[in-house]
Amino acid sequence: MRTITPICSLLLFVIPAMSHAQGNATPATPPAATALPRTPAPAGAAVYIISPQNGAKVTSPVTVRFGLKGMGIAPAGVVKENTGHHHLLIDTDLPPDNLPIPNDEKHRHFGAGQTEADIMLTPGQHTLQLVLGDSNHIPHQPPVVSQKITITVQ
């Protein structure tokens, strides 16, 4: 019993010191996201939702048609002046405009140059908004975004 107490006391000091020496004491703060170069958008460029219309009552799947003026469509990865590809935001706000647009259920990518899509949505109200992304999925400068519309899926 006499030898156990000093050994336990010693371990109370040694183990935390070893953990700290190995860098396990506290996790490092992740580095801040670095803004990437922005692709210029021409004056007057606009993206819009052709259909459904704002306030429409629809059934799922919902066919969403994308419109664009003043620019052209090019697939993701293709660098060509005054072009981009569509991203559909569903039930979310605009992401930061100096980073790639996320790719998840709320941020749908159409990097093959699609101009319409059939979207499965649950019954209820939903918001839709388009953002044009450059070859790297980064919004243009200035961002080319549509008005946000609200639809009701029955």
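The side chain of D104 makes a polar contact with the side chain of H107, at 2.8 Å. This is a predicted model, and D104 is a handy place to start looking around in it. From there, the briefing moves to backbone features in the loops and then to strand β7.

**Around D104**

- D104 sits in the loop between β5 (83–90) and β6 (107–110).
- Besides the contact with H107, the side chain of D104 has a polar atom 2.9 Å from the backbone nitrogen of K106.
- Is D104 buried, partly exposed or exposed? With a relative accessible area of 36%, D104 is partly exposed, because that value falls between the cut-offs of 20% for buried and 50% for exposed.
- If you want to place D104 relative to β5, try I90: the two residues are 14 apart along the chain, and their C-alpha atoms are separated by 9.9 Å.

**Cis peptide bonds**

- Most peptide bonds are trans, so a cis bond is worth a look when you browse the backbone.
- S51 and P52 are joined by a cis peptide bond, with omega at about 5°. P52 belongs to the loop between β1 (46–51) and β2 (57–58).
- A cis peptide bond also links S60 to P61, where omega is about 5°. You will find P61 in the loop between β2 and β3 (62–69).

**Positive phi outside glycine**

- As background, most residues other than glycine have a negative phi.
- D91, which is not a glycine, has a positive phi of about 55°. D91 lies in the loop between β5 and β6, the loop that also holds D104.
- The relative accessible area of D91 is 31%, so D91 counts as partly exposed.
- H137 is another non-glycine residue with a positive phi, near 70°. Its place is in the loop between β8 (124–133) and β9 (149–153).
- H137 is partly exposed because its relative accessibility is 22%, and the cut-off for buried is under 20%.

**Strand β7 and its partner**

- Which side chains of β7 (residues 116–119) are buried? A117 and I119 are, and they point to one face of the strand.
- E116 and D118 point to the other face and are not buried, giving an alternating pattern along β7.
- β7 pairs with β3 in the antiparallel sense, over four bridges.
- To find this pairing on screen, look for R65, whose bridge partner in β7 is E116. E116 is also one of the side chains in β7 that are not buried.

How values were computed: Residues numbered from 1 in each chain as written. Predicted model: local features only at pLDDT ≥ 70, side-chain atom pairs only at ≥ 80, totals over all residues. Heavy atoms only, no water. Helix = DSSP H or I, 4+ residues; strand = E, 2+ residues; numbered from the N terminus. Buried < 20%, exposed > 50% of the residue type's maximum accessible area, 1.4 Å probe, protein only. Polar contact = N/O pair within 3.5 Å; in protein donor to acceptor, adjacent residues only side chain to side chain. Pairing = 2+ DSSP bridges.
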